[in-house]
Amino acid sequence: MTPGTRLGPYEIVALIGAGGMGEVYRARDSRLDRDVAIKVLPNALSADPEARARFEREARAVSQLNHPHICALYDVGRRDDAEFLVMEYLEGESLAARLARGPLSTAEALDYGVQIADALDKAHRRGIVHRDLKPANVMLTKGGAARSVVTSSRTAPSIAKLLDFGLAKLAPPPTIASKETVLAANAGKSVPRINPATAEGTILGTFEYMAPEQVEGGEVDARADIWALGCVLYEMITGRRAFEGKTQASVIAGVLSRDPTPVAELQPLAPPALGRVIRICLAKDPDARFQSSYDVLLQLQWIAEGGSAAGLPAPVVERRKRRERTLWLAGAATAVAAAAAGAWLLKPAPVISNVSEHWAFTLPEGQNFTRPGRRYLAISPDGRRFAYIANQQIYLREIDQLDSHPVPGTNEDPLDVMFSPDGQWMAYFVPNVVLNVNGDTATVLKKIRITAGTPVNLCTTGFSFGASWEGHTIVFAQNSDRLHGIAAVPDTPGSPATLITVGKDEQAAQPHLIAGGTRVLFAVRTGIGPGSWDLADVVVQAPDEAKRTVLVNGATDPHLVANRLIYTHRGTVFAIGMEPRDRATHGGPVPVIEGVQSTVSGSSILAIADNGTLVYEPGNGDLADQPRQLVWVDRQGREEKISAPERPYRHPRVSRDEKRIVVVVETSASMSLNTLELSRGVLQRLSPIGEQRDDSPVWTPDGRVIYRSVRPDGTTAIMRIDASGVSPPETLIDLGRIPSALGLPESVSPDGNTLTFRTFGLASDVMALRLDSADRTPQPLVHTPAFEFNGVISPDGHWLAYTKSDQGSAAGQIYVRPYPNVDANQWQVSSAPGVTSSGRDRAGSSST
Amino acid sequence: MNGPGTKMMSVTVAPGGMFGTATELFDAHTYAPPSRNGIDYDTARDGRFLMIKEPLPQGNANARTTLTVVTHWTDELRARVK
């Protein structure tokens, strides 16, 4: 393929390697704006079943592995008859290239050895045997790459990454207890054997690094990789291959019958213990080798800790003597059981009873998380599957499967998905469900079997601010005039009952029943607006009590897990001790996860199963802080990027002469107006410097901007400022301290005489403020018991379009009234919920 | 927009108050969804829409299309938080 060739979203940049099993290209992923490596199975080989099988084997193998020392698989695809893998692009050199310049220092060899062993351990625990470990399949990458927990004390200048699982063998992964199983099974009883993936007798791999049983075409298991690791260690420390020959036959003869020259002869300064570790790895009999990569890893770590003195016969501490004795016993090769016992003795005291595994799940192409303001992730209590909401529906992903699948019947733009305690059902909220012929809408709480079927309506309610399913009760938070706090509903059709009511200027979120359902753990914030969840409290309260106990300040999204209170602050998850029946925490908070995506509703995108499995979305915390692009989109959906820096934009408005844009830049810490000169792409701050929060700008015909400003003291005003920013803003109307009800400017009439704005909160109306009058008393334009907002006067001044919702959600039905005689008539012009904006086309008519 | 972040819809308005049927213009799910605090798009005279494109996956740990799964996490938790 030539540079510029496209494989879906990937554009080929250059060929970076070729071999018998395919070509590897550097490519650019246009969606993610990153370099990737694409391994392409040539057309000629695509017809070869064995070649395709190997290719697919690699995909399957690597897709199961997410590890800092294993090259990541991002994607698989096919173009015409060519199949390809999209993998992590690694900059650096192969270990083989490095070894061409001579041996490594002992410290580097040990460091890389630990990393490779760590990667193999990960693969072996997944039931994957690499079968082709060699220096050419280890990349030494530069700069910034993450290391695993066990390899975090680095000395080598680069990170080792294991590549090329094209010859890998797959089998059901051993359980987490396999480490002990393998050790106990040293007599050869239950070392996980893997059914041959190739025809019996077929030799795959590179002879110089092939274990005897592999050379003989026999059955191989993880211990073949341990042999190869021994070869790589040998080569790193001595600069020579353990088994070399002028012909394949001589190499094979060496593998089968000769021992390599002792490390001590070639590298006298190498720790004797390292020589012994290599010798054990290279035992001809698989039963005489280390029985797991983890054991090799521990040995190498220990040697690294002991420095060059490791293995000397006179260690200074008794513990080391014991280790040496066991090493010697292990080195005797015949004392297999003793080797196992020795390896066990070498283990540090376990801190964590089970070793956790981290792996990533990438949404298939074309899927995007939806409802970014609400939780779109859940995990079943048994940890066997998780659910996420993408493309307006729920997908299920079994932990032990590669693919997710949509849950039929849930394509209703749901939010706040959760599992039932038995894991057999999911519940979720569907906003804006049309209830009757009048177009009245409500949010409906539904449930559906995980095996699909027909959703069951549990109740109508308001927009959810988080929910959980405990026993046969679903508790949820809601912040509307109907229910302002925490409610509960049975998991069968019924009516919600209020459990806890919070203050009018407060919002509750993410409730959980704890202590046998006697108390509610939830978050509560005062006021709304960016950053207010950062100041929220995590509290506990009994439904029958007015007393509320604050557990943590500046926290949100609480969970009670293993007698620890888990909570989030600005994208970092903390834990602190707490007994379920306590109303207090104990100990100090400990950050346990850095970088979790948060939402504007105060929840974090994480879910924890009863079996201890965690799933979360990595992120920078609040989505509001993430940079976004301004684009033009024509009526056919064709996009044109606007020359402007990427910022966390909100509320863009085009000036009447269409030469400028005023736009809000909103972060969790600030919110300001900015103007963008479209011809120059220069973004300039318009808001006066200060701690006020300015947003919701609208243009006036004379080139000024009207906006809302929330001052540091919490009072709100509608302001006007010249777009040049040379004059200070003037206050049009001071709205005072209005809890949860903010004056949001929405449009200015074409004659410039009227501003429409809204209140929002416990009552929401479209309001009008005369700009051509000294009387600054606003008058309601549309005033009903429902929520009306986004009131926009059409460019010709004849119509008022607005959104009507009876629940106060962001969307509702679209209505149009004549303007200014708004009471003369009204028409519902939408057939499904939406939001309003008055369009302007060349014909002068309006569209919404 | 029809449904939060879903589709951009259009309704024509003829003189005298004759409204057409809502028709879909384009899929808008990759743009900023509506929020309670205002409209996140605008229109130009030529019919184009000024939109905010949602944060793109960055190809790193912050990618918005990636989930991380950690098995036995509560064992880690117990070990780290006494």
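**A walk from one loop to a helix and beyond**

Let's start at N563(A), which sits in the loop between β29 (556-561) and β30 (564-569) of chain A. Keep in mind as you look around that this is a predicted model. What is the phi of N563(A)? It is positive, about 60°, although N563(A) is not a glycine. That deserves a second look, since most residues other than glycine have a negative phi. As for cover, N563(A) counts as partly exposed because its relative accessibility is 33%, and partly exposed here means a value between 20% and 50%.

The two strands on either side of that loop belong to an open sheet of four, ordered β29-β30-β31-β32 in chain A, with antiparallel pairing. Which strands stand at the edges? They are β29 and β32 (586-594) of chain A; each has a single partner strand, so one side of each is left without a neighbour in the sheet. From one strand to the next, the twist averages 25°. Inside the sheet, β30(A) pairs with strand β31 (residues 572-577) of chain A over six bridges, in the antiparallel sense. If you want one pair to find on screen, take Y567(A), whose bridge partner in β31(A) is F574(A).

Now bring in chain B, because this sheet is where the two chains meet in our tour: α1(B) lies across β29, β30, β31 and β32 of chain A, running at about 140° to β32(A). Helix α1 covers residues 73-80 of chain B, and six of its eight residues are buried. Those six are W73(B), T74(B), D75(B), E76(B), L77(B) and A79(B). A handy reminder when you rotate any α-helix: there are 3.6 residues a turn, so residues three or four places apart point the same way.

Step back to chain B as a whole. How many helices and strands does chain B have? There are one helix and seven strands, and read from the N terminus the order is β-β-β-β-β-β-β-α, which puts the helix after the strands. Chain B has 82 residues, of which 63% count as buried. Among its contacts with a separation of 6 or more, 18% are between residues 24 or more positions apart. Chain B exposes about 3,000 Å², with carbon and sulfur atoms supplying 53% of that area.

How far should you trust chain B? Its mean pLDDT is 76, and 76% of its residues reach 70 or more. The stretch to be wary of is residues 57-63 of chain B, where the pLDDT is below 50; in the model it has 16 contacts beyond near neighbours in sequence. Where pLDDT is low, the predicted coordinates should not be read in detail. For the model overall, the scores are ipTM 0.79 and pTM 0.47.

Back in chain A, there is another open sheet of four strands, in the order β21-β22-β23-β24 and again antiparallel. Its edges are β21 (464-470) and β24 (497-501) of chain A, each with a single partner strand, so one side of each lacks a neighbour in the sheet. Neighbouring strands here are turned by 25° against each other on average, direction ignored. Strand β22 (residues 473-479) and strand β23 (residues 484-490) of chain A run antiparallel and are joined by seven bridges; for a landmark, N479(A) stands opposite H484(A) in β23(A).

Next, the packing. The largest nonpolar core has 72 residues, and L133(A), F165(A) and M236(A) have the most contacts inside it. Helix α7 (residues 222-238) of chain A gives the largest share of this core, eleven residues. Apart from it lies another core of 33 residues, including L363(A), F369(A), I389(A) and I394(A).

A few more spots in chain A reward a zoom. S696(A) has a positive phi, near 50°, and is not a glycine. Unlike the loop residue N563(A), S696(A) lies in a strand, β41 (residues 693-699) of chain A. S696(A) counts as buried because its relative accessibility is 3%. Most peptide bonds are trans, yet the one from Y819(A) to P820(A) is cis, with omega near 10°. You'll find P820(A) in the loop between β51 (813-818) and β52 (827-828) of chain A.

Terms used. Residues numbered from 1 in each chain as written. Chains lettered and ligands numbered in written order. Predicted model: local features only at pLDDT ≥ 70, side-chain atom pairs only at ≥ 80, totals over all residues. Heavy atoms only, no water. Buried < 20%, exposed > 50% of the residue type's maximum accessible area, 1.4 Å probe, protein only. Contact = heavy atoms within 4.5 Å. Areas by Shrake-Rupley, 256 points an atom, 1.4 Å probe, with all protein chains shown as cover. Pairing = 2+ DSSP bridges. Axes fitted to C-alpha atoms, helices over the stretch in contact; angles between N-to-C directions. pLDDT = per-residue confidence, 0-100. Core = buried A, V, L, I, M, F, W, Y, C linked by side-chain atoms within 4.5 Å.
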